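This report describes the overall dimensions and the nonpolar interior of one protein chain. The sequence and model are shown first.

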Amino acid sequence: MKNLVTHIGARPVEQLAKEFGTPTFIYEKAVIEKRIAELKAFEVIRFAQKACSNLAILALMRKNGVVVDAVSAGEIYRALKVGYTAEGHPPGIVFTADLFDNDALELIVRHKVPVNVGSMDMITQLGKVYPGAEVTLRINPGFGHGHSRKVNTGGSYSKHGIWHSDLEECLRLGNEAGVNIQGLHMHIGSGSDYHHLSTVCDAMVKAAKRMGPQLKVISAGGGLPIPYRKEQARIDIAAYYSLWDKARKAIERDAGHPVALEVEPGRYLVAESCSLLTQIRSVKSSGGNRFYLVDAGFDTLIRPAMYGAYHEISICPADGRTVGNAFDTIVAGPLCESGDVFTQEEGGVVTTRKLPEAVAGDYLILHDAGAYGASMSSNYNTRKLAAEVLIQESGADVIRERQTFDAILQFERVPKNLA
Ligand code: LLP
């Protein structure tokens, strides 16, 4: 029957659940390494760690020759912790943002982290504290694309990037501020398909022409889609690469020297590597609708509630029994909000999924939860952050222990008069 699984990464689901508890994010190292290998045509793979910034995942990236992007001081700190440095070409760490907060600026200066600036003010601010800084310009080409309005990163309503017509002004500011503008970056939306890419590549070639010979690196950004639905086709990486490589070659001809090409995927490298293992705690019906209530909510995986994102769902019977029928089912979590539903479309429309018959105690797996799963989770309803486990050849290792209540409360203080 469809949507039934017994194993994750060759390990019995029940054994994983008993050993690590639920809910737990279970990553498979082999899947991540396979995705990295698929992108090897790009001379630089820069992991957008916002998708999954666990130290073990970063260490795995580093071991495989993947460099990282950081979008906050905390993400720079993580990268440093696993041994990345900002030195060299390509730099191990690049900071991408539309503004500097004080923490970020301090770490950037201390560790000489190159910056991919998304706002003109950043050029002047950086020049004041870090003259000679290496800078790339994140350009908003004036159009965008994305799997949801919330992740569309181009066009005039996007807060991201420098408006394309401001490029010359940036170069002038760069000269004035004494920073070294040497690259262009365009990330126009997550989930973009490669048909749309030729427009982006054309925009990059045009921007590069205006930049002139100081251009040394271009970045294609991230946004490589993955097939969240079983029936969706995989992106054709060779076609994707060849479009960008063609653009790079045109740019090299204009610049008269080699130009490095970077790609900056988050989702593509990690999404499919991870299953969110949950347990069904209640099966109930309300007004004719059938519900599986599981022990993970949008505090654990927010994508369905936030974007109406689709994740494949499977069931694993706890007692190994044979399962008969499949039913239209709503899958929901424990939070005190009606929006805490994993089967929903954008706009909060609750839908059903045909799922095998299950009883309380069975396991339910949300697939492709590796990108923007753990990294977007929260303590809403004072629930512990889930555990994370990495399956390798050598065994299954905890890479994040389940949080404790004391850890959640550790920075809260009750003033004396209220105690
Ligand atoms: N580079 C930049 C500058 C970005 O802003 C992003 C994503 C990426 C790379 C990586 O995009 P990816 O390859 O992962 O699609 N939370 C949303 C996605 C937000 C993406 C934000 N920026 C989700 O769960 O789908």
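Which radius of gyration does the protein chain have, and why does it agree with that of a compact globule? The value is 23 Å, which agrees because a compact globule of 419 residues would have a radius of gyration near 22 Å; the radius is taken over C-alpha atoms, and the globule rule is 2.2 Å times the number of residues to the power 0.38.

This is a predicted model, in which local features need pLDDT of at least 70 and side-chain atom pairs count only at pLDDT 80 or more, while totals for chains, interfaces and linings use all residues. Residues are numbered from 1 along each chain as its sequence is written, and side-chain values use heavy atoms, with hydrogens and water left out.

| Property of the protein chain | Value |
|---|---|
| C-alpha trace along principal axes | about 70 × 60 × 45 Å |
| Buried residues (under 20% relative accessible area, 1.4 Å probe, protein chains only) | 55% of 419 residues |

Among contacts (heavy atoms within 4.5 Å) between residues at least 6 apart in sequence, 71% join residues at least 24 apart.

The largest nonpolar core (buried Ala, Val, Leu, Ile, Met, Phe, Trp, Tyr and Cys residues joined through side-chain atoms within 4.5 Å) holds 106 residues, of which Phe47, Leu137 and Trp244 touch the most other members. Helix H8 (residues 194-211) supplies the largest share of this core, nine residues. Apart from this core lies another, of 15 residues, including Leu16 and Ile391. Beyond its neighbours within four places in sequence, Leu137 contacts residues including Ile162, Cys170 and His185.

Key: Buried < 20%, exposed > 50% of the residue type's maximum accessible area, 1.4 Å probe, protein only. Helix = DSSP H or I, 4+ residues; strand = E, 2+ residues; numbered from the N terminus.
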